[in-house]
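Hello,

Here is the structure you asked for. My notes follow below it.

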Amino acid sequence: MIRIIIHGCNGKMGKVVAKLAAESPDFKIVAGVDKNISPLDFPVYSDLKDVKEEADVVIDFSYHEAVPNLVKAALQKKLPVVIATTGLSEEELNVIKHASKEIPIFKSANMSLGVNILINLVKEAAKILQQDFDIEIIEKHHNMKKDAPSGTALMIADSINQVLNDKKEYVYGRHTKTEQRKTNELGIHAVRGGTIVGEHQVIFAGHDEVITISHSAQSREIFGYGALHAAKFIIGQKPGLYSMEDLVKKG
Ligand SMILES: NC(=O)C1=CN([C@@H]2O[C@H](COP(=O)(O)OP(=O)(O)OC[C@H]3O[C@@H](n4cnc5c(N)ncnc54)[C@H](OP(=O)(O)O)[C@@H]3O)[C@@H](O)[C@H]2O)C=CC1
Ligand SMILES: O=C(O)C1=N[C@H](C(=O)O)C[C@H](O)C1
């Protein structure tokens, strides 16, 4: 049985992970970390460093500013971490990279299998269409989401840039623009409203034809299952920074 600490246990995703783990004989939530420390089905602490329970892995769905402290505590406890939190700054990402020299860290802005398949399809399309098609990404999320654009939209954009001969420059919305679109632009657009779980569309717009590759998350459980799967994968790995690509490769 895998013993898990959920960082951000009172949040929308923290609760989903706790529910899925409780339904499985393979996982046990031994503790949580959040700002509100009222106990749940497990003890809750305000800082990972204070957690007394023995654990095998930490799963993080919290807030970007909380991540450096989490990683430092995980480093002290020599615990592997699955980081799902998005909106991370360069500085926060550097803390993660540095820590991954000593502990295994799994990080992905999207834990669903579907988005990771979408990324493979989009890379293939981008390689073929790069000369004549403009690429734009539209993401849609619920009205409680704090970061924009989504981590997934940025991850898709970075994957596209990896395969292009001439790298694109990201343009976030166009409300202040007074000139026509340049060919080296990759537009990224965020929509926020209601309870939309998460939608990503990658649009390849050519002369008189448009190809759209899209993914629609229909529940938060797909991210929760993905995070539990990642937790199983990361335990026992060598120190390093792992992604969904490593998990999908392993099967
Ligand atoms: N990679 C993926 O597949 C997915 C990633 N996400 C990402 O995960 C993150 C969380 O999403 P979601 O659950 O919807 O967000 P919520 O706001 O519902 O949950 C976040 C939780 O973390 C808590 N928190 C904030 N700061 C700290 C801190 N310093 N220490 C401990 N806990 C803290 C919040 O407390 P409080 O509310 O009091 O501030 C809240 O309980 C976001 O970055 C989101 O983009 C979401 C879904 C899928
Ligand atoms: O905040 C969310 O809800 C989600 N965030 C992730 C992101 O920023 O890409 C993943 C998912 O789309 C849901």
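**Lys145, His141 and the two domains**

Lys145 counts as partly exposed because it has 18 C-beta neighbours inside 10 Å; 20 or more would make a residue buried, 12 or fewer exposed, and anything in between partly exposed, with C-beta atoms placed from the backbone. This is a predicted model, in which local features need pLDDT of at least 70 and side-chain atom pairs count only at pLDDT 80 or more, while totals for chains, interfaces and linings use all residues. Residues are numbered from 1 along each chain as its sequence is written, and chains are lettered from A and ligands numbered from 1 in the order in which they are written.

Lys145 lies in the loop between β7 and α5 (151-163). His141 belongs to strand β7 (residues 134-141) (helices, H or I, of at least four residues and strands, E, of at least two are DSSP runs, numbered from the N terminus). His141 is buried, because 25 other C-beta atoms lie within 10 Å. An unreviewed UniProt entry lists His141 and Lys145 under "active site"; such annotations may be inferred rather than shown by experiment.

Both residues are also among those around ligand 2, as are Ser150, Gly151 and Thr152 (a residue is near a molecule if its C-beta atom, placed from the backbone, lies within 6 Å of it).

The domain assignment gives domain 1 (2-107 + 220-250) and domain 2 (113-217); the bounds come from an automatic or database assignment. Their centres, taken over C-alpha atoms, are 28 Å apart. Seven residues from domain 1 and eight residues from domain 2 make the contact, which requires C-beta atoms within 7 Å, placed from the backbone.

Regards

Notes: Two residues are in contact if their C-beta atoms, placed from the backbone, lie within 7 Å.
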